[in-house]
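Biologist: Could you take me through this one slowly? I keep meeting words for it and would like to know where they come from.

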Amino acid sequence: MRATILVRPKPGILDPQGEAVQSSLHQLGFHVDEARVGRVIDLELDDADGETARAELERACEQLLANPLIESYEIAFDG
Amino acid sequence: MSEPRPTIAVVTFPGSNDDRDAALALDRLGAEARAVWHADHELPRDTTAVVLPGGFSYGDYLRCGAIARFAPVMPAVASFAREGGLVLGICNGFQVLCEARLLPGALRPNASLEFICRDVALRLERADTPFTSRAALGQALSIPIKHGEGCYFADDDLLAELERNGQVVLRYEQNPNGSVADIAGITNEHGNVFGLMPHPEHAVEPLIGSGSTDGALILGSLVDAARERLLTAA
């Protein structure tokens, strides 16, 4: 089973990378109101049981993959 | 009789690069700096304080300090801190302490996204800590910073708590990196763990850099406090 974890700066947290990306997009003529930059982590899992895997990955996010104080995370499975 | 030299452990992670400067400064200020490797499971038996130095531990992968937190030596550092031991984290060491949740808050990329390397003016907010006793309350200090991710973040509740408890020890006179409330250094609630982004070990020698020796006020205070603990324990 594959899982994808999306880690994002929480709303309200200053995201200078996002601001730099937005300003570069403007310079290229793309009109974007806001850009935020996060992180994607792809994982290959042995565990076939979706519920167990989700609980495990939530612990992994809380303990390492995200910093819950400043980042939110989303877990998605893709078969 | 000369004063006893307290043992201060300086931890080297893969990617630490200010460990030797920190050890040299501590030695010159009267301590016995002892190098501790990240893969060690214990601190030297007579350790009176621990320093986590600056650098780029584990290549700053994932988030600065996030991987170092799992180094084999860290459980020993964490239990030393929880028992009231003196722990100082400088720059990357500050990031490691936040990631290890031995200090509250987090460090984010500088608001300018630039790596900043220069002397900064600081204001001392607490002179009654084991890390600042050689300086005076309100004293202006000049100490270099060199970091890309030194923007200290605490949410409103945490910030109010830090201010209420007097945990903010150092503030920037002119905020270089976007830190909330101009914070450059904080202690934990009990005051025995201190993290700061400026590098006191780079401001101890008048012939080097801008010539400021204000860093010696901080590291010297730590040596004093460590010696006091050594004498009390004896």
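**Where the labels come from**

Modeller: Let's start in a loop: Asp60(B) is found between S3 and H2 of chain B. Keep in mind that this is a predicted model.

Biologist: Why is Asp60(B) called partly exposed?

Modeller: Count its neighbours: Asp60(B) has 18 C-beta neighbours inside 10 Å. Buried takes 20 or more, and exposed takes 12 or fewer. The count of 18 falls in between, so Asp60(B) is partly exposed.

Biologist: And what is notable about the phi of Asp60(B)?

Modeller: That phi is near 60 degrees, a positive value in a residue other than glycine. Tyr58(B) isn't a glycine either, and has a positive phi of about 50 degrees. Tyr58(B) lies in the loop between strand S3 (47–52) and helix H2 (74–82) of chain B.

Biologist: How do you know whether Tyr58(B) is buried or exposed?

Modeller: Again, by counting: 22 other C-beta atoms lie within 10 Å of Tyr58(B). The cut-off for buried is 20 or more, so Tyr58(B) is buried.

Biologist: Okay, on to Pro109(B). What makes Pro109(B) count as buried?

Modeller: Pro109(B) has 23 C-beta neighbours inside 10 Å, and 20 or more is enough, so the label is buried. You'll find Pro109(B) in the loop between strand S5 (106–108) and strand S6 (116–124) of chain B.

Biologist: Which residues is Pro109(B) in contact with, leaving aside its neighbours within four places in sequence?

Modeller: In chain A, Pro109(B) touches Pro16(A) and Gln17(A). In chain B, the contacts are Gly148(B), Glu149(B) and Cys151(B). Glu149(B) sits 40 residues from Pro109(B) in sequence, yet their C-alpha atoms are 3.9 Å apart in space.

Biologist: How many residues are in contact between chain B and chain A?

Modeller: Nine residues of chain B meet nine residues of chain A. On the chain B side, six are nonpolar, one is polar and two are charged.

Biologist: Now the sheet. What makes S2 and S7 of chain B edge strands?

Modeller: The nine strands of this open sheet in chain B run in the order S2-S1-S3-S4-S11-S10-S9-S6-S7, with mixed pairing. Strand S2 (32–37) and strand S7 (140–147) each pair on one side only, and that makes them the edges.

Biologist: How do you know that S10 and S11 of chain B pair?

Modeller: Three bridges join strand S10 (residues 183–187) to strand S11 (residues 193–196) in chain B. Pairing needs at least two bridges, so these strands qualify. They run antiparallel, and Thr187(B) stands opposite Phe194(B) in S11(B).

Notes. Residues are numbered from 1 along each chain as its sequence is written. Chains are lettered from A and ligands numbered from 1 in the order in which they are written. This is a predicted model: local features need pLDDT of at least 70, side-chain atom pairs count only at pLDDT 80 or more; totals for chains, interfaces and linings use all residues. Two residues are in contact if their C-beta atoms, placed from the backbone, lie within 7 Å. Ala, Val, Leu, Ile, Met, Phe, Trp, Tyr, Cys and Pro count as nonpolar, Asp, Glu, Lys and Arg as charged, and the others, Gly among them, as polar. Helices (H or I, at least four residues) and strands (E, at least two) are DSSP runs, numbered from the N terminus.
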